[in-house]
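Trainee: I should like to go through this entry term by term and ask what each label rests on. May we begin with empty space inside the protein?

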Amino acid sequence: MTTSHVIELKSLSKTFGNVKAVSDISLDVADGSFTSFIGPSGSGKSTLLSMIAGFDQPTSGTIRLHGKDVSKLPSSERNIGMVFQNYALFPHLSVFENVAFPLRVRNMDARTLTSRVHEALESVGLKGFEARWPKQLSGGQQQRVALARAFVFGPEVLLMDEPLGALDKNLREHMQSEIKALQRRLAVSVIYVTHDQGEALAMSDNVVVMSDGRIQQVGAPAEVYRRPQSKFVAQFLGETNLLEYDLVSRGLSGPIGRLANGAAFVLPDNITDAASGTLSLRPEEIEFADPAESGCRHARIEETVFLGDCMRCRVDYQGLPLWVKLPATVMRSVPRVGQNVALHWNEASLVPLDD
Amino acid sequence: MNFTQPQYRSLVRGPFGWLLNACLVLAVVFLLCPIVIVTIISFSADAYLRFPPSGYSFRWYENFLSGDPSWMAASNKSFAAATLTAVVTVVLAIPTALALVRSRIRGKGWLELVMLAPLLISPMISAIALYGWIAAFGFVGTMAGLVAGHIVLALPYAILNVAISAKALDPRLEQAASSLGARNSQVFRRVTLPLLAPGIIAAGFFAFLTSFDDVIVSLFLSGREPTLQKRMWDEIRLEISPTVASASTLLIFLTIAVFLAIALVRRSSEKAS
Ligand SMILES: Nc1ncnc2c1ncn2[C@@H]1O[C@H](COP(=O)(O)OP(=O)(O)OP(=O)(O)O)[C@@H](O)[C@H]1O
Ligand SMILES: [Mg+2]
């Protein structure tokens with residue numbers, strides 16, 4: 001059987017006492033891909049990773065690694081590299097020995113070992129740090145050592161549990177692109193856990209949104225962001241306006257809906273036949289138009305929040321509060337609190353949601 | 001201005017400063033006096049314990065080291081017993097402490113208390129209780145019986161020491177090691193053991209000293225060939241020669257050396273981690 005999946009999870013569950021930390025997760029992860037798990041605290045991301053790494057036994061379900069069932073294998077025989085949030089460097093070993101650890105336990109001969117360790121340290125930009133102790137490194141440097149240690153033995157997949165959580169914003173962004181570059185160069189599959197949505201969107205080929213131990217949605221970052229399927233995903237990934245509507249009719253020009261404030265508008269074609277529903281409308285999809293134009297939606301600016309590269313405005317759309325996000329170019333001239341504006345959005349940017 | 005910087009050069013000031021300082025000085029004198037006096041007497045030239053000695057010599061050191069062979073025999077027995085006690089105690093303490101720290105059973109607090117209870121019980125009571133058991137198995141007067149008795153005294157403290165290191169050991173380090181391909185035995189040898197080392201070494205030293213310094217259990221269990229402490233006890237009761245002082249002085253400096261060694265090990269391991 002040929003498989004292009006590095007990891008296949010089938011009906012994976014984990015129960016602690018009466019807490020269902022992970023329930024019934026099935027997922028195939030493409031070989032060589034960068035997959036991010038994202039979800040609020042307590043949604044089961046770390047538990048899932050622990051089971052893949054072999055630290056925790058699943059309550060039920062199976063884990064396959066390149067087609068082979070590893071559910072019962074001890075962690076040491078899975079050939080999986082793991083990077084922890086607190087780095088978990090061995091404090092009693094030097095940087096060199098930390099990176100050499102996985103090679104030593106595999107009884108690699110001294111010459112190959114030395115060159116592999118140097119190579120790994122060089123690729124994370126830590127050449128010359130071999131003799132240092134972990135204590136003598138900054139957070140970012142410790143993270144790089146942890147990274148080098150996790151891939152030096154050529155694991156089939158790299159697991160990372162919030163590896164950048166402890167770093168400041170600038171360093172985090174820098175490390176994001178380094179990790180990404182490294183992943184491409186090594187062509188290794190990465191499973192990455194974070195609760196920073198920006199990080200997940202920026203780095204991943206695939207994003208898995210989790211809550212309450214379940215997968216809410218899986219897809220490419222742009223797809224999950226633009227086409228969220230549920231209220232939870234729409235609100236968790238980025239900001240959004242949730243519009244509750246009643247279906248009025250299925251007219252010739254498409255279905256017509258009415259908002260809570262009475263405003264009628266054309267719904268996207270792909271909505272269900274239910275009498276009412278919810279739409280997601282991202283703040284950046286709303287534009288300000290000229291109020292003199294006919295058929296536009298009148299609103300009043302209630303609040304403005306300056307964010308540097310953009311501005312967020314809360315507008316009152318005939319009794320319905322909406323958030324609008326404006327790029328810096330528009331911002332210079334337009335928004336002032338109390339000003340009347342016209343709103344414009346494309347029908348295609350209305351995304352119907354399951355509850 | 002740094003207010004937390006201690007002022008090493010001055011004693012305590014303030015209204016009752018003189019009282020505090022006086023107490024400090026008295027305490028130091030009180031603690032050091034016996035050691036100083038014993039050390040002086042150990043160099044006595046007199047035939048019996050007297051302070052201050054009328055003359056000075058090494059004769060009682062000579063007596064201890066070569067004059068009366070029973071002293072060296074007792075010393076050797078004490079060394080052997082203390083070494084065995086230290087080794088066996090540490091071997092028992094490591095798994096016990098790990099189990100105690102890592103297990104998630106109910107009533108763990110009570111179990112910990114029970115483990116440490118012997119620390120609170122008078123050694124005399126432990127000795128009497130032990131004597132009954134060890135006599136029942138016919139081990140009185142054997143090395144095994146003596147060491148068993150010393151282990152009972154030393155184990156709680158050893159467990160405590162190893163447990164402190166075990167609590168500080170992040171289980172994620174062991175998880176990391178095993179994800180990196182280390183089998184359980186390799187994880188233990190390459191990660192767990194080195195990280196427990198400070199506690200293990202302290203436990204070993206303390207167990208050694210517990211055995212070496214013990215009189216009470218030795219009184220009951222050492223049989224016809226006494227340990228050094230028992231031999232000293234006999235000496236004081238029967239002869240009162242300054243050999244006791246020489247032996248004590250050697251013991252004092254041995255103990256100081258051991259404590260310095262522990263402190264050095266602690267400091268160097270703190271530097272590394
Ligand atoms: N060893 C354990 N014993 C009992 N409950 C646990 C254990 N580990 C995790 N849980 C529970 O399982 C659930 C999922 O925890 P998990 O650590 O996987 O969440 P997470 O998504 O990683 O959260 P975070 O973003 O905060 O790291 C939580 O409700 C947690 O309390
Ligand atoms: Mg977590």
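Mentor: The structure holds one cavity of 30 Å³ or more. Please keep in mind that this is a predicted model, in which local features need pLDDT of at least 70, side-chain atom pairs count only at pLDDT 80 or more, and totals for chains, interfaces and linings use all residues, while side-chain values use heavy atoms, without hydrogens and water. Residues are numbered from 1 along each chain as its sequence is written, with chains lettered from A and ligands numbered from 1 in written order.

Trainee: What makes a space a cavity, and what volume does the largest cavity have?

Mentor: A cavity is a set of points, on a 1 Å grid over the protein atoms alone, where a 1.4 Å probe fits but cannot get out. Its volume is the space filled by probe spheres set on the points, which are joined across faces, edges and corners. For the largest cavity, this volume is about 30 Å³.

Trainee: Which residues line the largest cavity?

Mentor: A lining residue has an atom within 4 Å of a cavity point. The lining consists of Leu147(A), Leu158(A), Met160(A), Ile179(A), Leu182(A), Gln183(A), Leu186(A), Val188(A) and Val190(A). Two elements of chain A, β7 (157-161) and α5 (169-186), each give two or more residues to this lining. The largest share, four residues, comes from α5(A). Helices (DSSP H or I, at least four residues) and strands (DSSP E, at least two) are numbered from the N terminus.

Trainee: How is the lining of the largest cavity divided among nonpolar, polar and charged residues?

Mentor: The division is eight nonpolar, one polar and no charged. Ala, Val, Leu, Ile, Met, Phe, Trp, Tyr, Cys and Pro count as nonpolar, Asp, Glu, Lys and Arg as charged, and the others, Gly among them, as polar. Gln183(A), a member of the lining, is therefore polar by that rule.

Trainee: Let us turn to the ligand. How many residues surround ligand 1, and which are the closest?

Mentor: Ligand 1 is surrounded by 13 residues, the closest being Ser41(A), Gly42(A), Lys45(A), Ser46(A) and Thr47(A). A residue is near the ligand if one of its heavy atoms lies within 4 Å of it. This shell divides into four nonpolar, seven polar and two charged residues. β2 (19-30) and α1 (45-53) of chain A each supply at least two of them, and α1(A) has the largest share, with three residues.

Trainee: How do you know that Ser41(A) makes a polar contact with ligand 1?

Mentor: A polar contact is a pair of N or O atoms within 3.5 Å. A polar side-chain atom of Ser41(A) is 2.4 Å from an oxygen atom of the ligand, so the pair meets the limit of the definition. For Thr47(A), an N or O atom of the side chain lies 2.5 Å from a ligand oxygen. With Gly42(A), a backbone N or O atom is 2.8 Å from an oxygen of ligand 1. Ligand 1 taken alone exposes 630 Å², of which the protein buries 62%; such areas come from the Shrake-Rupley method with a 1.4 Å probe, and for residues only the protein chains shown count as cover.

Trainee: Why is Gly42(A) called exposed?

Mentor: Gly42(A) has a relative accessible area of 71% and is therefore exposed, given that buried means under 20%, exposed over 50% and partly exposed in between. The residue sits in the loop between β3 (34-38) and α1 of chain A.

Trainee: What places His66(A) and Gln318(A) in the class between?

Mentor: The value for His66(A) is 32%, so this residue is partly exposed; Gln318(A), at 43%, is partly exposed because its value falls between the two limits. His66(A) occupies the loop between β4 (60-65) and β5 (68-69) of chain A, and its phi is positive, near 45°, in a residue other than glycine. Gln318(A) lies in the loop between β17 (310-317) and β18 (320-327) of chain A, with phi near 45° as well.

Trainee: What share of each chain counts as buried?

Mentor: In chain A, 49% of the 355 residues count as buried. In chain B, the share is 38% of 273 residues. Chain A has nine helices and 20 strands, whereas chain B has eleven helices and zero strands.

Notes. A polar contact is a pair of N or O atoms within 3.5 Å; within protein, one must be able to donate a hydrogen and the other to accept it, and residues adjacent in sequence count only if both atoms are side-chain atoms. On a 1 Å grid over the protein atoms alone, a cavity is a set of points where a 1.4 Å probe fits but cannot get out, and a pocket is an open set with protein on both sides within 12 Å along at least five of seven lines; lining residues have an atom within 4 Å of a point. Buried means under 20% relative accessible area, exposed over 50%, partly exposed in between (1.4 Å probe, protein chains only).
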